[in-house]
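Hi,

Here is the structure I promised to pass on. Have a look at it first, and my notes on what turned up follow underneath.

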Amino acid sequence: MSECEEKSCCEETSCHEKEEQKCPEEGCLVEHITKMWESAGCRAWREVVDEILKEKIRARWGAELEKGAEAFVAAMEAGWQAKVSSAKAKAEFRKAVEKGLLG
């Protein structure tokens, strides 16, 4: 049994993706395509489960998460504004030094 065959559905996806990149030999084309379908099926199941879970989380905690997101964005904005102010101050200082040295 290969390493891929021993792994669970979620784990085998990455293994099959590695195998998909290899060019199959003539004799194992059907096996190669079968593994591609299995891998795609696992990815599809994972995506559906992720989507359902996102919906449930958003329905249950969406309002709280929105408030948290607003607070995070406000903090990011404050940090960004501080960086912009610092960059402006450094640019003005550089101009003043250049003007003082070069006239």
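The feature to start with is helix H3: a straight helix of 74 residues would span 110 Å at 1.5 Å a residue, yet H3 spans only 73 Å between its end C-alpha atoms. The expected span here is 1.5 Å times one less than the number of residues in the helix. H3 also bends by about 80 degrees at Trp 61, where the bend at a residue is the angle between axes fitted to the seven residues ending there and the seven starting there.

Before you go further, please keep in mind that this is a predicted model, in which local features need pLDDT of at least 70 and side-chain atom pairs count only at pLDDT 80 or more, while totals for chains, interfaces and linings use all residues. Residues are numbered from 1 along each chain as its sequence is written, and side-chain values use heavy atoms, with hydrogens and water left out.

**The chain as a whole**

The secondary structure comes to 3 helices and 0 strands, so the order from the N terminus on is α-α-α (helices are DSSP runs of H or I with at least four residues, strands are runs of E with at least two, and both are numbered from the N terminus). The accessible surface of the chain is about 9,100 Å², and 60% of that belongs to carbon and sulfur atoms; such areas come from the Shrake-Rupley method with a 1.4 Å probe, and for residues only the protein chains shown count as cover. Of the 103 residues in the chain, 10% are buried (buried means under 20% relative accessible area, exposed over 50%, and partly exposed in between, with a 1.4 Å probe and protein chains only). Within H3, the buried residues are His 32, Lys 35, Ser 39, Cys 42 and Gly 62. Just after H3 comes Gly 103, with a positive phi near 85 degrees.

**Salt bridges**

How many salt bridges does a search of the whole structure find? There are 3, each counted when a side-chain nitrogen of Lys or Arg is within 4 Å of a carboxyl oxygen of Asp or Glu. Side chains of opposite charge can pair when their charged atoms come close.

- Glu 31 pairs with Lys 35, with the closest N and O atoms 3.0 Å apart. These two are 4 residues apart in H3, which means about one helical turn between them. Glu 31 is partly exposed at 43% relative accessibility, whereas Lys 35 is buried at 16%.
- Arg 46 meets Asp 50 at 3.3 Å, N to O. Here too the partners are 4 residues apart in helix H3, about one helical turn. Arg 46 is partly exposed at 48%, and Asp 50 is partly exposed at 31%.
- Arg 94 joins Glu 98, the closest N and O atoms being 3.2 Å apart. Both lie in H3, 4 residues apart, about one turn of the helix. Arg 94 counts as exposed at 56%, while Glu 98 is partly exposed at 36%.

**A nonpolar patch**

Leu 29, Ile 33, Met 36 and Trp 37 make a nonpolar surface patch of about 420 Å². Patches are made of residues with over 30% relative accessible area and no salt bridge, joining like charges within 9 Å and nonpolar side chains (Val, Leu, Ile, Met, Phe, Trp, Tyr) within 5 Å. One of the patch members, Met 36, is found in helix H3, which covers residues 29-102. Met 36 is partly exposed, with a relative accessible area of 34%.

Happy to talk any of this through.

Best wishes
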